Amino acid sequence: MGGETGPDLTRSTLVAEDVRGDKIIPVVRNGRADKGMPPQNLPDADLEAIVAFIHDAKAKADSNEGARRTVDVADLQTGNAQLGQQYFNGAGGCTKCHSATGDLAGLANRLQGLQLFQRMLYPGGRGRGGAPPATPTATVRLPSGETITGKVAYRDEFNIAITDASGYYRSWPTSKVKVTIDNPLDAHIAQLAKYTNDDLHNVLAYLQTLK
Amino acid sequence: MLRHSIFRSVVVLASAAGCGALLLAQSPQGLDPAMMLKPPADSWPTYHGDYTGRRHSKLSQITPDNVHQLTVAWTFQTGSGAGIKATPILVNGVMYITMPDNMWAIDARTGRQIWRYTYPPNQAFHIGHRGAAIYKDTVFLTTPDAHLVALDVKDGKLKWDVMIADAKKGFWSTNAPLLIRDHLIVGVSGDFDNLPGTLKSIDPETGKTQWIFYSTPPPGTPDSISGGATGGQMWMTGTYDPDLNLLYVGTGNPTPVLNGAARPGDNKWVCSILAINPDTGKLAWGFQASPHDTHDWDAAEVPVLVDGPFAGAQHKMLMQASRNGYFFVLDRTNGKNLLTKPFAAVNWAKGIDEKGSPIPDPAMEPARDGRLVSPNEGGGTNYRSPSFDPRTGLFIVSAQDAYGIYFFKPEHGSYGWAGADYGVYAKGMLRAIDYQTGKTRWEHEIGGEGSAGVLTTETGLTFSGDAANSVFALRTTDGATLWHSTIGRVGNGPITYELDGRQYMVVAGGGVLYAWTLPEKIVPPSAPK
């Protein structure tokens, strides 16, 4: 079972980090449009009840003998940092976008263990504990020939929406415009099929040295 | 005045209908089990629409040329924020739709609620619900605490309530039961405890158990072939071949789920496609889709029954796009494998064995420091029903290319989940598989993880939904989009039926049912002079 639709909140990092709703309530209020979760306009009492319910479910799940287990930082220390650095600078192609002394400087102080591992593989989640995830950029060519570039605010088969340079939300039907997407995460997606098991753990070991 | 006269004529009609029912001594809302062999166009009497699981309709009013004209005939609001995952069933103009603890009977012409049944509050697992089943004047609902309740089709009143499995031990049920003559086949779920895979045949008149089939042995059974594995729950609705008198059902993953060392060997019959005699509950044959699964990839997905050519000879086939990312074609008379091909990203098998089962790569078993495995726990596909289109020979399924990281260490133990796993990335695709080659003929991007089932029709239409809240119609030959509407999360399988000469397509967006049809041709009376 599991993986049917929504994520299991009893295992969510956000829930684990939540203190009396400081992380959960904004998500419930604002929704997550990119993941199909609508905003909920609920009274504070209901929001507090939801937070209490989620924490209660998590406590139950954590105490259940047959429930999903956890991963410790110590479990992930099997890689070779030196080989990881070679992969990072060479075959992995990581330096096309990243720099150990630039965007990733001090990374290991911000992210550890499983969280670092997950973000290394695919930083498509929310920007908890680290730099915000890279958002795709869209260039939209209008029928007039004008082009507008901005961060993708929404995208599906039928619609494209961007936040333009002035901060305005703008949307078009994809049938009326020509859209070019530049997604910096494409390289992470392509890499998933290329990593060997050693590569994974070596790069993780290397990233853990970036303090 | 006008209202009054309409009201009177309704009263007269209602009396006439009541009289007819008395004369026939049979409710106009009931289902004769023999009808299941050839469901009429105005019905969808079981989860898959018929026994084959093909979800393919002969109805031809809605076509590629006019599908863009579809308009909403009615909507039905469950009032629930949770999405509908169930496929509705329809008999004699009344539709039955379910959510956990709930069933609604609604008028399939208008969407008006006739009655609602609510099961008493319970603390069991409310993950979702697949749908109802009907037998004569009784409609059935499985419950989160693994009971089966029998309701009167006329008013939703409770007839009886029996326990299918013990919720205190960790069982729950989301199952849409399958009616085979006077057997109601009911499945359960349960992954957080080491429980035997349990499928029951229940007498639909009385609720009495007729037989129990165990996919993994109950405690205390000697000479286990499961290698110590429990699990293998049959939580999805199976299919049935009346000529062979065989029920086909897929079994779930083993428990402990991620700890493979605790249960050496293939672990029969988990992650398998099984053929069972519906009268005796005896196993006729089994085919294992994932020997020694350690990734939660049950083979509970729909076993679709197709008769047709394969490699130059006529075959009675069974096809399944399995959660492990492989598409299987079997000879359903004996379970012999005809084809095994991946339909989604996979990196966990070393090859295919002589029986057609993928050979798991031990290097991809969950480990202390994590293994990056494709597919993820959600699988190459999941409970979302596929459809088979006989005209093109295409098996169309909501697939995903996905990666997850899987962990296990001895400290995780050997009970229930016994490990940890996390999704990394998933991309959803509707894929049309040529069943004779296993090759994808076309694919249609549907965003993140898919959630919708598929329906095809004889006119060459494929209905499904994407991850961005749209229901759409595609051209079955090439997957081109012909129509769409953004209605909310499409979380179930669309159905179609014809009433009063109009073809309807019904699908759920979030907690709302939408009925689509072509615009009504209304001839207005001549204007007063």
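Helices and strands are here DSSP runs, with at least four residues for a helix and at least two for a strand, numbered from the N terminus. Counted in this way, chain A of this predicted model holds eight helices and five strands. Reading along the sequence of chain A gives the pattern α-α-α-α-α-α-β-β-β-β-β-α-α. Of the 211 residues in chain A, 20% are buried. Contacts that reach across the sequence can also be followed: when residues at least 6 apart in chain A are considered, 53% of their contacts join residues at least 24 apart.

Chain B is built from one helix and 38 strands. Buried residues account for 56% of its 529 residues. Among contacts in chain B with a separation of 6 or more, 59% come from residues 24 or more positions apart. The overall dimensions of chain B can be described in two ways. Its C-alpha trace spans about 85 × 50 × 45 Å along the principal axes. Its radius of gyration is 23 Å, which agrees with the value near 24 Å that a compact globule of 529 residues would have.

One part of chain B is worth tracing strand by strand. Here four strands form an open sheet in the order E2-E38-E37-E36, and their pairing is antiparallel. Strand E2 (71-77) and strand E36 (495-499) of chain B each have a single partner strand, so these two stand at the edges and one side of each is left without a neighbour in the sheet. From one strand to the next, the twist averages 25 degrees. At one edge of the sheet, E36(B) runs antiparallel to strand E37 (residues 502-509) of chain B, and five bridges join the two. A residue pair to look for in the structure is Leu499(B), which stands opposite Arg502(B) in E37(B).

The two chains also meet each other. In this interface, 32 residues of chain A are in contact with 46 residues of chain B. On the chain B side, at least two residues each are supplied by strand E27 (371-373), strand E29 (394-407), strand E30 (420-434), strand E31 (440-447) and strand E35 (481-486). E30(B) gives the largest share of this side, with four residues. Sorted by class, the side of chain B that touches chain A contains 19 polar, 16 nonpolar and 11 charged residues.

Notes: Residues are numbered from 1 along each chain as its sequence is written. Chains are lettered from A and ligands numbered from 1 in the order in which they are written. This is a predicted model: local features need pLDDT of at least 70, side-chain atom pairs count only at pLDDT 80 or more; totals for chains, interfaces and linings use all residues. Two residues are in contact if their C-beta atoms, placed from the backbone, lie within 7 Å. Ala, Val, Leu, Ile, Met, Phe, Trp, Tyr, Cys and Pro count as nonpolar, Asp, Glu, Lys and Arg as charged, and the others, Gly among them, as polar. A residue is buried if 20 or more other C-beta atoms lie within 10 Å of its own, exposed if 12 or fewer, and partly exposed in between; C-beta atoms are placed from the backbone. Two strands pair if DSSP finds at least two bridges between them. Axes are lines fitted to C-alpha atoms, for helices over the stretch in contact, and angles run from 0 to 180 degrees between N-to-C directions. The radius of gyration is taken over C-alpha atoms; the globule rule is 2.2 Å times the number of residues to the power 0.38.
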